[in-house]
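Please walk through the model shown below, moving from one residue to its strand, then to the helices and loops. The text takes up one place at a time.

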Amino acid sequence: MSDQNMLAEQFELTRRRLQSVAYSMLGSVTEAEDAVQEAWLRLDRSDTEAINDMRTWLTTVVGRICLDMLRTRKARREDYVGTWLPEPLVQEPVEDGPAHQAELADSIGLALLVVLESLSPPERLAFVLHDMFGVPFEEIGRIMERTTDAARQLASRGRRRVQAAPQPDRNVALQRQVVDAFLDAARCGDFDALLTVLAPDVVLRFDLGPGLAHGPLVGADSVARHVLATAPRFVTFAKPVLVNGCAGALFGSLDDPISVLGFTVVSGRIAALDLIVDSAKLGHLSIKS
């Protein structure tokens, strides 16, 4: 086997981890793939004999690339009209993987990604790399050209924001029962039944795409009224799926997605709904399916 093939093989062994790091940082499947590809190009141009730990080196490189991408995107996003939500990870429901689903929801669930989006790029990098992937603060500090203590403080600020957010229920089967009850109530036009499954301070966020602004709705009454005003046109076409490891709904199909609705269920009631309609954020579903 040539040196190039051996290097490619080593890289492939870490690809899944690198993709997870990049997606957690960026909330975008396509941008994460770009970051991982850039890491490969940098590896290919590097003196690999000087790399002691390939896994750590690649994780560090991907972190640095994502930090640069976040900074660029933050400046660009000032022109983004409306709510920004991450690209969803959607898969068909499976019966034999509850532990994996809970782990996925904990690591890259929509609820977590929405909170991470509110952090500054350095806070997000420090929290994701340390708390989610175990990268030492010394290394994180080098990536950001800051001290170890500064990196630790950034991660701590990010951690406080994450811990202050509602913590989703881990049982996917119970989530599905709540989501099914919501869909049944919407299908039947039952306002009281909707209020039963919605948390009092529930938030409904919309990502319709650039230029199509729709601010979030807050409160069970407002969300229920909006659902009843719009649901009859689409709710019968809802298909049960997993959205970032949690119970959700797909409208259309994986080959031709129209929209994705993610749910955050907390203490048996829906605390947040995230409707992603932007076609640019759903294109990767048909590629993966």
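Does Asp274 count as buried or exposed, judged by its relative accessibility? The model is a predicted one, and in it Asp274 has a relative accessibility of 1%, so this residue counts as buried, the cut-off for that class being under 20% relative accessible area. Asp274 belongs to strand E7, and its contacts, leaving aside residues up to four places away in sequence, are with Leu85, Leu110, Arg205, Val260, Leu261 and Gly262. A further position to compare is Thr264, which is 10 residues from Asp274 in sequence, while the C-alpha atoms of the two are 8.4 Å apart in space.

From there one can turn to strand E6, which spans residues 257-266 and contains Ser259. With a relative accessible area of 9%, Ser259 is buried because this value falls under the 20% cut-off. When residues up to four places away in sequence are set aside, Ser259 touches Ala249, Leu250 and Phe251, and also Leu275, Ile276, Val277 and Leu282.

Strand E7, residues 269-276, also takes part in covering helix H11, since the elements over the buried residues of that helix include helix H9 (172-188), helix H10 (191-197), strand E2 (198-207), strand E3 (217-218) and E7 itself. Helix H11 runs over residues 220-230, and within it Ala220, Val223, Ala224, Val227 and Thr230 are buried. Viewed down the axis of H11, these buried residues fall within an arc of 145°, and they therefore line one face of the helix. Arg225 and Ala229, by contrast, are exposed on the other side of H11.

A second helical site is the pair formed by H5 and H6. Two packed helices are described by the angle between their axes together with the distance between those axes. Helix H5, residues 110-117, packs with helix H6, residues 121-132, at an angle of about 140°, and the two axes are 10 Å apart. The two helices are therefore oblique to each other, because an angle has to be over 145 degrees to count as roughly antiparallel. On the H5 side the contact is made by Leu112, Leu113, Leu116 and Glu117, which meet Arg124, Phe127, Val128 and Met132 of H6. Sorted by class, this contact has six nonpolar and two charged residues, with no polar ones.

Two loop residues deserve attention for their backbone. Asn244, in the loop between strand E4 (238-243) and strand E5 (246-252), has a positive phi of about 50° although it is not a glycine. Ser267, in the loop between E6 and E7, likewise is a residue other than glycine with a positive phi, here near 55°. Their surroundings can be set side by side: Asn244 has 0% relative accessibility and so counts as buried, whereas Ser267, with a relative accessible area of 65%, is exposed.

The cysteines come last. How many disulfides does the structure hold? The number is zero. Cys66 counts as buried because its relative accessibility is 0%, while Cys188 has a relative accessible area of 66% and is therefore exposed.

How values were computed:
Residues numbered from 1 in each chain as written. Predicted model: local features only at pLDDT ≥ 70, side-chain atom pairs only at ≥ 80, totals over all residues. Heavy atoms only, no water. Axes fitted to C-alpha atoms, helices over the stretch in contact; angles between N-to-C directions. Helix = DSSP H or I, 4+ residues; strand = E, 2+ residues; numbered from the N terminus. Parallel < 35°, antiparallel > 145°, perpendicular 65-115°, else oblique. Contact = heavy atoms within 4.5 Å. Nonpolar A, V, L, I, M, F, W, Y, C, P; charged D, E, K, R; others polar. Disulfide = S-S within 2.5 Å. Buried < 20%, exposed > 50% of the residue type's maximum accessible area, 1.4 Å probe, protein only. Arc of directions from axis to C-beta.
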